[in-house]
Amino acid sequence: SGKTNNALFRRLLSTEGKNSSSSSSNGASKSNDLNLKLKYAKTRAGTGNPEGVEKGIEGGAAGMSMIPRGPVSWPALGLVAVAAASAVAYYKIERERRLEQAMGKIVSTGKPAIGGPWSLIDLDGNLVTNKSFEGKWTLLYFGFARCPDICPSEMVKVGKVMDTLKKEHPEIADNIVPLFVSVDPARDSLKALKEYAKDFHPSYIFLTGSPEQVQQMAKKYRVYVSKADETEDGDYLVDHSIVIYFHDDTGDLADCFTQSMRPSDVMEKVIERMTFVPTF
C-alpha cells in the first residue's frame, strides 16, 4: 500500500505539471495573438502604421497621437477659396457653352426662333428697320452708354474683328455692319449716344427709340433687361444679356457670339458663315 500511495502521488504531480505547462503555453499564445492584432490594427487616420501602433502602446508619448490637430491653416483656407473661385468660373463658362449650343440649335433648324421685324432711329433721327440692312451681314449688340465695363469690352472686340477682317479679308469686312441698340432709352438720348460713339469703331451704327420700341425688339431677341443698383438720386446700372447676334444678308440669324469668345474666335465663325457654300 505504501508503494501504491507513492505511485498515486507521482501521478498527481505529473498531471499538475502538465496543466501548469499547458496554462502557461495558452497564456503566451493569447498574448502573441493580441500583439499581432495590435501590430496590424489601423489608426483613426487610416494610416495602418504598425510601428506607430506599437510605440503608441508601449512607448506612451513616443507613439502616434490620437488627439485631433489644431485649427485649419491659412494655406488650407486659400485652397478652399481657389476651389470656390474655380467652381464659379466653371459655372459661367458652362452657362455660356449651353447658350451657344441652344443658339446653334435654333439657327440650324430652319427659320430662327429669335429676332424679327423692328424699327428704331439712328443718330441722325432717321427711321431704321431690319429691312434697312438687307444685302449686308450685321453684328447686333444690345447695351447702354453708361455701362462701366462689359459693353465697352464687347464693342471693342467687334472693332478688332472689323479691323482684322479689313486687313485680311476686305471683301468680307465691306459686307458687315456692326449695330448697337440701347436698352436704356430713358437716358441714352441721341446727344448722349453721339458722344458715346466717338470711343468705338467708326463702322458702328447706334440705334435707340422709345421705351416701347426697345422693349419690343429686346423681347423678340429674348434679351434680358433689368435695372440694378439704383441709388437714391436715381442713378442705376442695367443688367442685360451679353450676346452678339450675327445676321446674314437676308436678315436671318446666322450665329451668335458670347462674352467668353475672343476676337479671333468671332472672326473665325464670321468667315466660316460668310464663305459657306451649301451642297445639295
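Biologist: What phi does R222 take, just after α7?
Modeller: This is a predicted model: local features need pLDDT of at least 70, side-chain atom pairs count only at pLDDT 80 or more, and totals for chains, interfaces and linings use all residues. Numbering starts from 1 along each chain as its sequence is written, and side-chain values use heavy atoms, leaving out hydrogens and water. Helices (H or I, at least four residues) and strands (E, at least two) are DSSP runs, numbered from the N terminus. Just after helix α7, R222 has a positive phi of about 55 degrees.

Biologist: How wide an arc do the buried residues of α7 cover?
Modeller: Buried means under 20% relative accessible area, exposed over 50%, partly exposed in between (1.4 Å probe, protein chains only). In α7 (residues 211–220), V214, M217 and A218 are buried. They lie on the same side of α7, because their arc, taken from the directions from the helix axis to the C-beta atoms, is only 100 degrees.

Biologist: Which residues are exposed on the other side of α7?
Modeller: An α-helix has 3.6 residues a turn, so residues three or four places apart point the same way. On the other side of α7, the exposed residues are Q215, Q216 and K219.

Biologist: Which strands do the buried residues of α7 pack against?
Modeller: Contact means heavy atoms within 4.5 Å. The partners are β1 (119–121), β3 (137–143), β4 (176–182) and β6 (225–228).

Biologist: What is the relative accessible area of C151?
Modeller: C151 lies in helix α4. Beyond neighbours within four places in sequence, C151 contacts Y141, G143, F144, Y196 and H240. C151 is buried, at 0%.
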